[in-house]
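Here are some comments on the model you sent, set out as numbered points. They deal with strand pairing and with nonpolar packing.

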Amino acid sequence: MKKIRTGVEKIGEDRGMVSSGFSFELRRAEPSAQVRARDRVHWWTGEVGNLGAVELAYPAREVVPPADQALYVGTAVRGDSIPPATFRGLGYTVQPRLARGLLTIAGQTAALSRSTLSTDKRSRGLRISALGREYTYVEEQNKRHHALERDGVRVTMTRSSWKNPRTITGTTAGATDSVDLSLAILFEGVYTRNLSLRGAMISAPGRVFSRIGS
């Protein structure tokens, strides 16, 4: 893939690349046996609208400083014409959790917040402040379906299965641009079961055990 330019100039260009009402699909790629044994890496690739090739990968070692790799795990999105995005959080097997999460988009750090005490999915959604925008990322009908929303824009994401899906598909609505798409794809590589109360209850023992084990 081509090297991606970052910074204010590149973001300005990306925001001008607006699309509406299209679908895309990322398919799971199989790493070589050597890479699989060494890093347990998982990744998905595909063409996303007029942005060209996009890749989602985890665990992304470059996201986490070496001194923190025993505790934290990273996920990354990169592509030909999309702003790079990364997420680092406490590890849950090979995916980062939302706990202690650090999100960057085009080299800029985003602010994250969520309510862990609410009972409905929308109230439990992840609030994201990034590049002057306010987003909400929510679980929809079940753990395989999510949506990233901001004013006038919505990107819905669906996994063919919850764990290590063969395909991850997306559908856009509104004046969607590459920043929206980069974020929506990124969070399909983050462990988000606790965005629903049921998911939080089911995953609680495993999340606690993973923290103790670290």
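**Notes on a hairpin and the cores**

1. In this predicted model, the hairpin formed by β12 and β13 has two residues between its strands, and G152 there adopts a positive phi near 80 degrees. The two strands of the hairpin, β12 (residues 145-150) and β13, run antiparallel to each other and are joined over six bridges, with A147 placed opposite T156 of β13.

2. β13 also pairs with β14 (residues 167-174), again in the antiparallel sense, over seven bridges; within this pairing, T169 of β14 is the bridge partner of T158.

3. The two faces of β13 should be read separately, since in a regular strand the side chains alternate between the two faces of the sheet. The covered face of β13 carries V153, V155, M157 and R159, whereas R154, T156 and T158 make up the uncovered face.

4. The largest nonpolar core has 36 residues, and the members that touch the most other members are V48, L103, I128, L181, I185 and F187. Among the elements that give two or more residues to this core are β1 (23-29), β5 (85-92), β10 (126-130), β13 (153-159) and α4 (178-186), and the most is given by α4, with six residues.

5. For L103, if neighbours within four places in sequence are set aside, the contacts include T86, F87, I128, L183, L186 and F187. Apart from the largest core lies another core, of seven residues, including A60, V64, Y72 and A99.

Notes. Residues are numbered from 1 along each chain as its sequence is written. This is a predicted model: local features need pLDDT of at least 70, side-chain atom pairs count only at pLDDT 80 or more; totals for chains, interfaces and linings use all residues. Side-chain values use heavy atoms; hydrogens and water are left out. A nonpolar core is a set of buried Ala, Val, Leu, Ile, Met, Phe, Trp, Tyr and Cys residues joined through side-chain atoms within 4.5 Å. Buried means under 20% relative accessible area, exposed over 50%, partly exposed in between (1.4 Å probe, protein chains only). Helices (H or I, at least four residues) and strands (E, at least two) are DSSP runs, numbered from the N terminus. Contact means heavy atoms within 4.5 Å. Two strands pair if DSSP finds at least two bridges between them.
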